[in-house]
Amino acid sequence: MRALKRYGQNFLVDKNILSAIIRRADLTCDDTVLEIGPGHGVLTRAILDEGVKCLHCVEIDERMRPELESLADGNNSLTLHWGDAVKFDYESLSPFPNKVVANIPYNITTPLIAELLKFADRGLTYHLYMMQKEAAMRLIAPPDTRERYPLGVTIEAMGHAKIVRSVSRSCFRPVPNVDSVLAEIVCERNFEIARDDYWSGILHRGFSHRRKTLANNLKNFADAFCYGEKRAEDLTFTEWTEIYSGNRVK
């Protein structure tokens, strides 16, 4: 079946990478897993083979329905959901997932991860994604680098992210024109911060004009004058949480 560009489809075909994903996810019979964009069900089958308690799959491409429904008919642990993963009502999932394992469409990487982080307080604390290398580098970018951006700061405030391994372009069909990596996010603290509009507002205003100082970008929104001439990408997550906490109570 031909991949559709509008869905950002690049189907994983390499069995060695598939095995690496499953090993890293460390799935058990107690896990409820969320998979985004199962496509032909290659990763789906591998997850089910681990004997997980439940697997929720969210797929937008109706062409995949016969293949995925056939797979679901043979396994009571699999529940299929049809729709746009960025707009999907994750609150409705039952049982609620504690892990997300997915080869995500690269064109929705940032909004999708930002949305799923909101459910850390529901127990969704482990994320394992096949994703574009450039996007992953932004997630792990340290302070004082141009690659640093709001979602990476939020992840750092909540836990940590790391690149597990690089993945060759030849592992996909069609072959993508970007490099890929397997990236892991683990949420360990501040589980509710991704849901906080004030936190998001501070970050997005802070990063809105990168050439301006943080104090100028946050003018009339939050007090950041103590950081003088620093810019948004210069701050550690601790400094961001200090700005957030200091202004949140006002």
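A charge sits over a ring if NZ of Lys or CZ of Arg is within 6 Å of the ring centre and within 35 degrees of the ring normal. Keep that in mind as we walk through this predicted model, since Lys99 offers a good place to begin. The charged end of Lys99 lies over the ring of Tyr126, 5.4 Å from the centre of that ring.

Tyr126 leads us straight to Glu184. The side chains of Tyr126 and Glu184 make a polar contact at 2.6 Å. Glu184 belongs to strand β9, which covers residues 180-187. Is this glutamate buried or exposed? Its relative accessibility is 7%, so Glu184 counts as buried, the limit being under 20%. A second polar contact joins the side chain of Glu184 to the side chain of Arg24, at 2.9 Å. If we set aside neighbours within four places in sequence, Glu184 is in contact with Arg24, Tyr126, His127, Leu128, His160, Ala161, Lys162 and Val164.

Let us turn to the aromatic rings. A pair of rings is described by the distance of the centres and the angle of the planes. The model has 6 aromatic pairs. In one of them, Phe88 and Tyr90 have ring centres 5.0 Å apart and planes at 70°, so this pair is edge-to-face. Both partners can be placed by their accessibility: Phe88 counts as buried because its relative accessibility is 15%, and Tyr90 is buried with a relative accessible area of 2%. Phe96 and Phe119 form another pair, with centres 5.7 Å apart and planes at 45°, so they are classed as tilted. This pair links distant parts of the chain, with Phe96 in the loop between β4 (78-82) and β5 (99-103) and Phe119 in the loop between α4 (109-116) and β6 (126-132), 23 residues apart. Phe96 and Phe119 are both buried. Ring pairs join Phe88, Tyr90, Phe96 and Phe119 into a cluster. Phe96 has a charged companion too: Arg122 lies over its face, 4.0 Å from the ring centre.

The loop between α4 and β6 also holds Leu124. This leucine is buried, with a relative accessible area of 1%. Although Leu124 and Pro97 are 27 residues apart in sequence, their C-alpha atoms are 5.8 Å apart in space. Beyond the four nearest places in sequence, the contacts of Leu124 are Phe96, Pro97, Asn98, Lys99, Val100, Leu116 and Phe119. Among these contacts are Phe96 and Phe119, the partners of the tilted ring pair, as well as Lys99, whose charged end sits over Tyr126.

Another contact of Leu124, Leu116, takes us into helix α4. Which residues of α4 are buried? They are Thr109, Leu112, Ile113, Glu115 and Leu116. Viewed down the axis of the helix, these buried residues fall within an arc of 160°, so they line one face of α4. What covers them includes β2 (32-36), β5, β6, α5 (133-140), α6 (150-158) and β9.

One of those covering elements, β5, contains Asn103. At 15% relative accessibility, Asn103 counts as buried. Not counting residues up to four places away in sequence, Asn103 touches Asn10, Leu12, Ile36, Gly37, Leu43, Met130 and Phe172.

Our next stop is strand β3, residues 54-59, where Leu55 is found. Leu55 is buried, with a relative accessible area of 0%. Leu78 is 23 residues away from Leu55 along the chain, yet the C-alpha atoms of the two are separated by 4.9 Å. With neighbours within four places left aside, Leu55 is in contact with Val33, Glu35, Thr44, Ile47, Leu48, Ser77, Leu78 and Thr79.

Finally, a word on the cysteines. How many disulfides does the structure hold? There are 0. Cys54 is in no disulfide, and its nearest cysteine sulfur is that of Cys57, 9.2 Å away. A disulfide calls for two cysteine sulfur atoms within 2.5 Å, so at 9.2 Å the sulfur of Cys57 is too far from that of Cys54 for a bond. As for their surroundings, Cys54 counts as buried at 7% relative accessibility, and Cys57 is buried with a relative accessible area of 1%.

Conventions: Residues are numbered from 1 along each chain as its sequence is written. This is a predicted model: local features need pLDDT of at least 70, side-chain atom pairs count only at pLDDT 80 or more; totals for chains, interfaces and linings use all residues. Side-chain values use heavy atoms; hydrogens and water are left out. Helices (H or I, at least four residues) and strands (E, at least two) are DSSP runs, numbered from the N terminus. Buried means under 20% relative accessible area, exposed over 50%, partly exposed in between (1.4 Å probe, protein chains only). Contact means heavy atoms within 4.5 Å. A polar contact is a pair of N or O atoms within 3.5 Å; within protein, one must be able to donate a hydrogen and the other to accept it, and residues adjacent in sequence count only if both atoms are side-chain atoms. Rings of Phe, Tyr and Trp (its six-membered ring) pair if their centres lie within 6.5 Å; planes under 30 degrees apart count as stacked, over 60 as edge-to-face and the rest as tilted. The arc is that of the directions from the helix axis to the C-beta atoms.
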